[in-house]
Amino acid sequence: MDRTTGYLNPTEETASWDETVSLHQDKLGQVLAHAWGNAPAARACMESAGVAPGDIKTLDDLQKIPVTPKAELVRMQQANPPFGGLLAVDVSELEYIFRSPGPIYDPKAKGEGWGWEEALFAAGLRPGDATINTFGYHMTPAGKMFEAGATAIGCAIIPTGIGERETQVQLMKDLGVGSFIGMASFLLQIGEKAIEMGLDPRKDLNVRAAFSTAEPLPDALRNSVEEMFGLLCRQGYGTADCGCIAFECFHKGGMHVSSKSIVEIVDPTTGLRMPDGEIGEVVVTLFNRAYPLIRFGTGDLSAIDPGSCSCGRTSPKLRGWLGRADDLVKVKGMFIHPGMVRQAMAAFSECPSYRLVVTRVNNRDIATMKIEKTSDDVKALSAKLGEAFRKTFAIGCAVEWVAPGELPQDGLVLEDTRSWD
C-alpha cells in the first residue's frame, strides 16, 4: 500500500494561490456577515475597531479586525457564560460541547468538522486501516477530532485512549492495526512494552503509519519510533479551539497550512502580519458559522515558508512550533498557565510557597509541584493536592516537598525546564 503520495482533497490541496484566495475570501465574507448578525461578541470586536463586514473586501483587510487572544476567550466566557457571546446558532444545532482546560467551552455544530482528515492522509493513514486513536474522549475534543478525521478517510477506529500499554500491544497484534494516532512518545512506550512481551514491533505488528501531535517531535524521537516499528511518522499542529492548523507531508520540511482556515503569522504586539520567514504569533480564522473564531490568537510562535513542496501541495508551510508568545506551556498535550497553578493551590493556605516544574525524561513530560514543607504530616495533604491537580490540569502531577527557603523567591509559579533536541 502506498502511504507516501496522493491527496484526500486534490482540488483544494493543489489549488493555485489565486484560487485559494478567491475561495477563502468567499467563505470569509459569509462567516463575517453571519457573525455580525448572530454573535454579539464578534460584532463588538469588529465595532471596537470601526469595522463592518463590508469593509473586509480582501484577505489583507482581515488585519483591520483585532486579534482575540486565547486568554481573552477565557475572560469572555467567564463574563458571559457559557460561550462568551460567540455562539452564532441555536444550541439545537450543536452536536457536541467540550470543556478544555482554562476552562474553555468548545461548541461544535452538526456538519462542521475540525479538518484533520487531510493531515491524517498526509501522514499515511489510508482507507481500510484499523486505526488506534489514543487521544482522550473525556470532556476535551481531541478523541472525537481525530476520530472524525480518520473515519472521513475510511479508517476503522479503535478508541483506546491512552489505556494500558500491554492492552494496546494486544489490540495491535489481534486486529492487525495499520495506523496510530497519538503522541509519538506514547507509541515508543507501546513499542518498548511489545519488546518486553517478547515481540518484535517491526515484524510482529503491522503499524505502518503514525500521526503525532500535542507534543514536539524532535528527530531523535521520530527516528526511534520509525526504526522500532518500520513505519512512517508525521506530525500535525492544531488546537482544541481551531482543529487542524498545519501538518507534515511525506517530505517533511515544515507543515502545510490547512485548507480549512486562514492562518496568519502576526506581530504579537500589533496584530499586523509579519513578512514571510519572520517569527510571529499564529493567528487563525475559521470558516465555522456556529462558533466564529475570527483572528483567534493561539499564543504559539511560528513562521511562514512560502516555497514549493515536492508533494505537490500548494499551501505555504509553517516551520513548526517555535515557542509561546505568552506564558502558557503545553504538558502531555494539555495547556497550563500560571493562573491555573494558583487556582489549584488556592484551597491550600497551609502551602504558601510553591512552583509547578515541568521536565522531560526519556521523551516523557513530567509535572511536579514543588511545595515548601511547613508540617511533618503531609501524607493526607499530598493525596488531596494530587486530586486538585488532576481536576485543574487534567493531567497527573507529582508532589515534591522541599525545605523552607529552597524555592527561588522570584514570583514564578510555573517553570518549564524542558529542552528539545
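Buried means under 20% relative accessible area, exposed means over 50%, and partly exposed lies in between. The exercises below use these classes on a predicted model.

**Exercise 1. Y105 and its surroundings**

Task: Is Y105 buried, partly exposed or exposed, and which residues make a nonpolar surface patch with Y105?

Solution.
1. Locate the residue: Y105 belongs to strand β3, which covers residues 104-109.
2. The relative accessible area of Y105 is 32%, so Y105 is partly exposed.
3. V91 and I97 join Y105 in a nonpolar surface patch of about 260 Å².
4. Y105 is also among the residues that Q77 touches.

**Exercise 2. Q77 in its helix**

Task: Where is Q77 found, and which residues does Q77 touch when those up to four places away in sequence are not counted?

Solution.
1. Helix α4 holds Q77.
2. With a relative accessible area of 5%, Q77 is buried.
3. Leaving out residues up to four places away in sequence, the contacts of Q77 are P82, F83, G84, P103, I104, Y105 and Y291.

**Exercise 3. Two salt bridges that involve helix α4**

Task: What are the N to O distances in the salt bridges K70 to D241 and E72 to R75?

Solution.
1. Side chains of opposite charge can pair when their charged atoms come close.
2. For K70 and D241 the N to O distance is 2.6 Å.
3. K70 lies in helix α4 (residues 70-79), while D241 lies in the loop between β8 (232-239) and β9 (243-247), so this pair ties together parts that are 171 residues apart in sequence.
4. Both K70 and D241 are buried.
5. For E72 and R75 the N to O distance is 2.7 Å.
6. E72 and R75 are three residues apart in helix α4, a separation of about one helical turn.
7. An α-helix has 3.6 residues a turn, so residues three or four places apart point the same way.
8. E72 is partly exposed at 27% relative accessible area, and R75 is partly exposed at 43%.

**Exercise 4. A salt-bridge network**

Task: Which residues are joined into one network with R360 and D365 by salt bridges that share partners?

Solution.
1. Begin with the pair itself: R360 and D365 form a salt bridge, with the closest N and O atoms 2.6 Å apart.
2. R360 is buried, its relative accessible area being 17%.
3. D365 is buried too, at 9%.
4. Shared partners join E215, D416 and R418 to R360 and D365 in one network.
5. The count for the whole model comes to 26 salt bridges.

**Exercise 5. The span of helix α6**

Task: What span should helix α6 have at 1.5 Å a residue, and how far apart are its end C-alpha atoms?

Solution.
1. Helix α6 has twelve residues, 142-153.
2. The expected span is 1.5 Å times one less than the number of residues, which gives 16 Å for α6.
3. The end C-alpha atoms of α6 are 17 Å apart, which agrees.
4. The buried residues in α6 include A142, G143, M145 and F146. E147, G149, A150 and I153 are also buried there.
5. Just after α6, G154 has a positive phi of about 115°.

**Exercise 6. A loop residue**

Task: Is A347 buried or exposed, and what distance separates its C-alpha atom from that of L385?

Solution.
1. A347 sits in the loop between α11 (338-345) and β18 (354-361).
2. Its relative accessibility is 64%, so A347 counts as exposed.
3. A347 and L385 are 38 residues apart along the chain, and their C-alpha atoms are separated by 9.4 Å.

Technical notes:
Residues numbered from 1 in each chain as written. Predicted model: local features only at pLDDT ≥ 70, side-chain atom pairs only at ≥ 80, totals over all residues. Heavy atoms only, no water. Salt bridge = Lys/Arg side-chain N within 4 Å of Asp/Glu carboxyl O. Helix = DSSP H or I, 4+ residues; strand = E, 2+ residues; numbered from the N terminus. Buried < 20%, exposed > 50% of the residue type's maximum accessible area, 1.4 Å probe, protein only. Patch = residues over 30% accessible without salt bridge, like charges linked within 9 Å, V, L, I, M, F, W, Y side chains within 5 Å. Areas by Shrake-Rupley, 256 points an atom, 1.4 Å probe, with all protein chains shown as cover. Contact = heavy atoms within 4.5 Å.
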